[in-house]
Amino acid sequence: MAGILSAIKLRETGFRNVTVYEKADRIGGTWRENTYPGIACDVPSHLYSYSFAPNPDWSHRFSPGDEIQAYLEDVARSHDVMEHIRFGDEVTSCEFDDRAWTIATASGRRARADFVIAATGVLHHPKYPDIEGLESFEGACFHSARWDHGVQLDGQRVGVVGTGSSGVQIVSDVVDRVGSLALFQRTAQWIMPQENPCYTEEEKRDFRLHPDRMRELRDEMSRGFTENFSNAVVDADSPQMAMVEELCRKNLETSVTDPVLREKLRPDYRAACKRLVISPDFYRAIQQPNAKLVTERIERVEPRGVRTADGRLHELDVLALATGFRVDRFLRPMRVTGLDGRKLDQVWAERPGAYLSISIPGFPNLFMLNGPNGPVGNFSLIDVAELQLAYIQQLIEVVVAGRCCGLCASEEAAERFERDRTEAAKRTIWMSGCRSWYLDDRGVPAAWPWAFDRFRERMAAPDLADYEMTA
Ligand code: N01
């Protein structure tokens, strides 16, 4: 998503020599990799679209993953991006030598670049659980982001580990066709109810005839999302968070009839502390007669299934691991070397960081989209990337105008940003007492801890006093 955006916008502003490196043989990022049953985006589709490429054909308010994949391919094609992509060639290293970057790829190619934009994504590297005996399982076993569509599910005994957004969507989708379904829950999740109506043919025709209506709808959705959620998650005491909590609690009370199951599904932390799960039908799914919620700790996996701490063996044919992602990777495993031989691996040895999530001191003319500690999870990442790219383009302009050869954030600015960020994080809902992928090794949310409006303001124009320029 962010790589396509970069190619389109850079070319629009006159850059002719733009290459996009894609290690796979198809574009799409998250939407190419995640094809599990039931996948959809929980940001409304008219908002989860590029601002410059509204799509009248979205089928639902929250459209499924394959539609998003097709949309991204469409946009890339119609904006002539495809011819700028080198497919199937993984970037292995980027090295700065005082003037420019040398990009090396797995195929042995070496290319020079004045600027490097890293659009490598956040939720990309699957996190496999460390469960004893996992490899001994005799059935089919795969991660949610590596779904094996060759495996038959109909009538099978299916196990799902994990109750994040992926696990919940998988369970809701497959329950009606599998023989039995066991959901292994380590931590209960709050579930935000959400209707997902489809757009009628008439509405789509109307969008086609009046594209302004899509823009208006996008703006309206963006405003609603920002005010009711994005701006509010950073203040645990906000009335909006209390409202979200009430909606989730009511959803649980009214949707789950069995009091024992209801208590098993009740989280012991505040709603939206973990990334909020949005689902119209998870509670329906988990109450089906062929479904069971397993809350006993997984002891080990055996050839025939999953053994829990109470000694029970849950026999399975298929085991899906919806266990999330390693969220601290970003550009890695690429080897990135900046000024004076500085290695990114060393700079990020403790944890990844960057000034405004975009620039790393000592790494001139390297900029990240959806980099470390940026707004993740609670916003449209397309909006985020568009704002970041417009900011990065202003930095590039400084170099192109001849004011310097290269620029990157100063150490002082990066430290100040990190200090302020860590302090502000204390007030967020993410630090109200739960374990989640937002929290880094210190328990500090690796996210933008201020209102989304503040992010927009900071992205409007760079403060060049925070940057070091090289002659
Ligand atoms: O992953 P997660 P995800 N034994 O990290 C459990 C986006 N997304 O792929 O809570 C047992 O949220 C873990 O348990 P616990 C969205 O930003 C969006 O679901 O740590 N269980 C947890 O339940 C989302 O937040 C959409 O105790 C283990 C689960 O696995 C992000 O991607 C759809 C375990 C991991 O949940 C990631 O979501 C999908 C173990 N050893 C994803 N290890 C939409 O837009 C982990 N778990 C709808």
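## Backbone outliers and a cis bond

Is Asp 80 buried, partly exposed or exposed, judged by its relative accessible area? In this predicted model, Asp 80 is partly exposed, with a relative accessible area of 42%, and its phi is near 55°, a positive value in a residue other than glycine. The residue sits in the loop that runs between α3 (65-78) and β2 (85-87).

Ser 357 also has a positive phi, of about 70°, although it is not a glycine. Its place is the loop between α10 (344-347) and β20 (366-368), and with a relative accessible area of 0% Ser 357 is buried. A cis peptide bond, with omega at about 15°, joins Arg 332 and Pro 333; Pro 333 belongs to the loop between β18 (325-326) and β19 (335-337).

## Confidence

Over the chain the pLDDT averages 96, and 100% of the residues score at least 70. Among the elements, α6 has the lowest mean pLDDT, at 93, while strand β9 (residues 157-161) has the highest, at 99. Helix α6 deserves attention for another reason, taken up below: it gives the most to the lining of the second largest pocket and also gives the most to the lining of the largest cavity.

## The nonpolar core

The largest nonpolar core holds 134 residues, of which Tyr 50, Leu 265, Leu 276, Phe 282, Leu 331, Val 336 and Tyr 355 touch the most other members. Helix α11 (residues 381-400) gives the most to this core, with 11 residues. Because domain 1 (2-122 + 326-470) and domain 2 (134-196 + 227-321) both give residues to the core, it lies between them.

## The second largest pocket

The second largest pocket has a volume of about 540 Å³. It is lined by 24 residues, and those closest to its centre are Met 192, Gln 194, Phe 225, Asn 228 and Phe 229. Two elements, α6 (211-230) and α7 (239-255), give two or more residues to this lining, and α6 gives the most, with 7 residues.

By class, the lining of this pocket has 14 nonpolar residues, together with 6 polar and 4 charged ones. At least three of the lining residues come from each of domain 1 (2-122 + 326-470) and domain 2 (134-196 + 227-321).

## Enclosed cavities

The count of cavities of 30 Å³ or more comes to 2. The largest cavity has a volume of about 60 Å³, and its lining consists of Leu 47, Ser 222, Phe 225, Thr 226, Ser 230, Phe 379, Ser 380, Asp 383, Phe 452 and Arg 456. At least two of these residues are supplied by each of α6 and α13 (452-460), and α6 gives the most, with 4 residues. The lining divides by class into 4 nonpolar, 4 polar and 2 charged residues. Phe 225 appears in this lining and is also one of the residues closest to the centre of the second largest pocket.

The second largest cavity contains about 30 Å³ of space. Its lining is made up of Thr 163, Val 168, Gln 185, Gln 189, Ile 191, Leu 265 and Phe 282, which by class are 4 nonpolar and 3 polar residues, with no charged ones. Leu 265 and Phe 282, both found in this lining, are also among the residues that touch the most other members of the largest nonpolar core.

Methods
Residues numbered from 1 in each chain as written. Predicted model: local features only at pLDDT ≥ 70, side-chain atom pairs only at ≥ 80, totals over all residues. Heavy atoms only, no water. 1 Å grid on protein atoms, 1.4 Å probe; cavity = no way out; pocket = protein on both sides within 12 Å on 5 of 7 lines; lining within 4 Å. Points joined across faces, edges and corners; volume = space filled by probe spheres on them. Nonpolar A, V, L, I, M, F, W, Y, C, P; charged D, E, K, R; others polar. Domains from an automatic or database assignment. pLDDT = per-residue confidence, 0-100. Core = buried A, V, L, I, M, F, W, Y, C linked by side-chain atoms within 4.5 Å. Buried < 20%, exposed > 50% of the residue type's maximum accessible area, 1.4 Å probe, protein only.
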